[in-house]
Amino acid sequence: MNCRFCGKIIKHEAKPISECPYCHAAVSKDINIVYIIKELVKLRGRGVLSDGKTLVSLLTDTAPELVRERSMIKRVYDDGLYRVIITDEQLTDGEFDRRFLVFSKRLQDESFMSAEVAGMIAGWFGEILGRTSEKQKEIKQDESERVFDKAMNALNCHRDDEAFKYMYQAAEMDNPKAQRWLGFMYNTGRGTERNTCMALTFWQKAALNKKYSQCGDCVAQFNIGVAFDTAVFGAKNPAMAEKWYKMSAEQGYVKAMYYLGCLMAETQRTAEAVYWWRAASDTGYPEALRKLGTCFFNGIGVVKNVNMAIQLWERAALGNKYNKKGDAISQYNLGLIYYRGTGVPIDYNAANKWLSMAASNGERGAEKFLTEIRQRIGK
């Protein structure tokens, strides 16, 4: 929930609140009503609540200091409104969905709640009964996507504070993309103070979130792997890096395939490294093509094959969707092969072509060979 004055997100930790912790304005009744319902859901989870009939007797124990908010929820009971959704009947999914919408609408009309809060409360009453409306799931998903889109628009326009506010909201709605991007914002300090622990927290939420993928968010899994691989959290942890890289790679995320191959190579597991570089190469990933080409050129983990190395380096060097300019190191490697005649006849024109591309692509080592090559070919 957001403070209606300063707009910042208010989160309940272990107790209800009377004022915004940021601007100290009095909070709206909606915020504490949400808190009460959340507490009741927790009681349900611990087996304290067996049905809806015991809720009223627990209201006082749950939030004794919130007289105004308690009385509003109790009125929902006294007026019989709760019977729209809390019933002893065995409801079909379709009937439950219909009652969910009726309950949400009447909460708005009779309790002057916002549509967002009424929808959440209606949903939580459903959770108390161990039921979740399919319509409620759709509403939550659609809303989280709308908020996430707002966050991305703000982020792309460099309105970082606004982006962080919306991203946090969408992440709290269990949107895995928002959780992943919120981790990015914490890790880079965009819209908030840099906090690597919070970055890891939200990346892990996204990585294990099965809302859109049964295997979790592959990019978040990759980000966690990089963090452990590069000592973001202190010391390097190759085992944890491998775990998260593999989770991501097995979903087909090409960067994770490449990085996992590099990690395997560092630990002398050459065959596994070749396997993952080959998998990434199949998508045209330039760095993987280069690494696999080097393996074939030197006979590491595969039978030595210079022609295969040249083919792989050429694919990396010519550029594609991953790198339009082409891979500079592959261009450099090809230039040297033709300059020295390693496994192929010497060809200064080909050497000039590839080394010129490498030099224009920022490979400084190419320049020292180009002067001699151009003298030989008269350029």
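These notes go through some helices, salt bridges and loop residues of a predicted model.

1. Helix 9, length. Helix 9 covers residues 196–207, which is 12 residues. At 1.5 Å a residue this helix should span 16 Å, and its end C-alpha atoms are 16 Å apart, so the expected and computed spans agree.

2. Helix 9, start. Asparagine 195 places a side-chain oxygen within 3.1 Å of the backbone nitrogen of cysteine 197. This contact sits at the start of helix 9.

3. Helix 9, surroundings. The buried residues of this helix are Thr196, Ala199, Leu200, Phe202, Trp203, Ala206 and Ala207. Their cover includes helix 7 (160–172) and helix 8 (176–188), along with helix 10 (218–229) and helix 11 (238–249).

4. Alanine 220. One residue to look at beside helix 9 is alanine 220, which belongs to helix 10. Its relative accessible area is 0%, so alanine 220 counts as buried, the cut-off being under 20%. Leaving aside residues up to four places away in sequence, alanine 220 touches Arg180, Trp203, Ala206 and Ala207. Trp203, Ala206 and Ala207 are also among the buried residues of helix 9. From alanine 220 to phenylalanine 202 the C-alpha distance is 8.6 Å, with the two positions 18 residues apart in sequence terms.

5. Salt bridges, count and a distant pair. The whole structure holds 9 salt bridges. In one of them, lysine 177 pairs with glutamate 145, and the closest N and O atoms are 3.0 Å apart. This pair links distant parts of the chain, since lysine 177 is in helix 8 and glutamate 145 is in helix 6 (residues 134–156), 32 residues apart. Which partner is buried and which is partly exposed? Glutamate 145 has 19% relative accessibility and therefore counts as buried, whereas lysine 177, at 26%, is partly exposed.

6. Salt bridge of arginine 159. Arginine 159 and glutamate 162 also meet through their side chains in a salt bridge, with an N to O distance of 2.7 Å. Both partners are partly exposed: arginine 159 has 38% relative accessibility, and glutamate 162 has 30%.

7. Salt bridge within helix 18. Arginine 376 and glutamate 372 form a salt bridge whose closest N and O atoms are 3.0 Å apart. Both residues lie in helix 18 (residues 367–376), with a separation of 4 residues, about one turn of the helix. Glutamate 372 is partly exposed, its relative accessible area being 29%.

8. Helices 11 and 12. The axes of helix 11 and helix 12 (residues 254–266) come within 8 Å and cross at roughly 145 degrees. The crossing of these two helices is left-handed. On the helix 11 side, the residues that meet helix 12 are Pro238, Ala241, Glu242, Tyr245, Lys246, Ser248 and Ala249. Helix 12 contributes Ala256, Met257, Tyr259, Leu260, Leu263 and Met264.

9. Positive phi at alanine 231. Alanine 231 is not a glycine, yet has a positive phi of about 60 degrees. The loop between helix 10 and helix 11 contains this residue. Alanine 231 is partly exposed, with a relative accessible area of 25%.

10. Positive phi at glutamine 268. Where does glutamine 268 lie? Glutamine 268 is in the loop between helix 12 and helix 13 (270–281). Its phi is near 65 degrees, a positive value in a residue other than glycine. Relative accessibility is 64% for glutamine 268, so this residue counts as exposed, the cut-off being over 50%.

How values were computed: Residues are numbered from 1 along each chain as its sequence is written. This is a predicted model: local features need pLDDT of at least 70, side-chain atom pairs count only at pLDDT 80 or more; totals for chains, interfaces and linings use all residues. Side-chain values use heavy atoms; hydrogens and water are left out. The expected span of a helix is 1.5 Å times one less than its number of residues. Buried means under 20% relative accessible area, exposed over 50%, partly exposed in between (1.4 Å probe, protein chains only). Contact means heavy atoms within 4.5 Å. A polar contact is a pair of N or O atoms within 3.5 Å; within protein, one must be able to donate a hydrogen and the other to accept it, and residues adjacent in sequence count only if both atoms are side-chain atoms. A salt bridge is a side-chain nitrogen of Lys or Arg within 4 Å of a carboxyl oxygen of Asp or Glu. Axes are lines fitted to C-alpha atoms, for helices over the stretch in contact, and angles run from 0 to 180 degrees between N-to-C directions. A crossing is left-handed if the near helix is turned anticlockwise from the far one by less than a right angle, and right-handed if clockwise.
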